Amino acid sequence: MFSITTKTDEETQAIGRHLAELVSAGDVILLDGDLGAGKTTLTKGLAAGLGIHRYVKSPTFTIIREYKEGRLPLYHMDVYRLENGGGDDLGLDEYFNGQGVSVVEWSQFVKGELPAERLTIHLHRDESNIDRRTLTFDPQGEHYQKMTDKLEAQYDE
Ligand code: ADP
Ligand code: MG
């Protein structure tokens, strides 16, 4: 596990752009944090890094948005509306095992459908500064551990 603190929206997007260089087909990234923590902001950076230049917004009402024009497809999910169940009807497995990168906001609402190996990124707001966020990388499995190590190495430079 390691953490990075950002002071602007742009710095959080930059982390997403770095992450885009490290992801491969079938990767699953869970974004964990309150409303306004920066989950969608981080996803915007990831999308840009994959070469997706369309406007990326939180798919709260559609639940899943697919972007296929980048280096890899991006499946951006916001499952907040599944708080009361229904995740099993969406065929999330097909996304998680698919050829793209799955990014899931509010993944706690589909706990039962998540793969054991994944990268969880916790985003926390800092009470003392409205623009400060701490991102903590919590990898499950060797593949995501390596990804996290590479990211950490870039941020140590
Ligand atoms: P979420 O998807 O977690 O609900 P969003 O990414 O939609 O959050 O919103 C985060 C908001 O916080 C945006 O308005 C963004 O501009 C703002 N913000 C301010 N500072 C930061 C930062 N350091 N990192 C990310 N977002 C930030
Ligand atoms: Mg969001």
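Guide: Let's start with a cut-off: partly exposed covers the range between buried, under 20% relative accessible area, and exposed, over 50%. Keep in mind that this is a predicted model.

Visitor: Why is E66 called partly exposed?

Guide: E66 has a relative accessible area of 32%. That sits between 20% and 50%, so E66 is partly exposed.

Visitor: And what makes K68 exposed?

Guide: K68 comes in at 59%, and the cut-off is over 50%, so K68 counts as exposed.

Visitor: How do you know that the side chains of E66 and K68 meet in a salt bridge?

Guide: Their N to O distance is 3.3 Å. The limit is 4 Å between a Lys or Arg side-chain nitrogen and an Asp or Glu carboxyl oxygen, so the pair qualifies.

Visitor: Why is E142 with K146 called a salt bridge too?

Guide: Here the closest N and O atoms are 3.5 Å apart, again within 4 Å, so the name fits. Both residues lie in helix α4 (residues 142–156), about one turn of the helix apart.

Visitor: Are E142 and K146 exposed or partly exposed?

Guide: E142, at 58%, is over 50% and therefore exposed. K146, at 48%, falls between the cut-offs, so K146 is partly exposed.

Visitor: What makes R71 a polar partner of A20?

Guide: A polar atom of the R71 side chain lies 2.6 Å from the backbone oxygen of A20. The cut-off for a polar contact is 3.5 Å, so this pair is within it. R71 itself sits in the loop between β3 (64–67) and β4 (74–78).

Terms used. Residues numbered from 1 in each chain as written. Chains lettered and ligands numbered in written order. Predicted model: local features only at pLDDT ≥ 70, side-chain atom pairs only at ≥ 80, totals over all residues. Heavy atoms only, no water. Helix = DSSP H or I, 4+ residues; strand = E, 2+ residues; numbered from the N terminus. Polar contact = N/O pair within 3.5 Å; in protein donor to acceptor, adjacent residues only side chain to side chain. Buried < 20%, exposed > 50% of the residue type's maximum accessible area, 1.4 Å probe, protein only.
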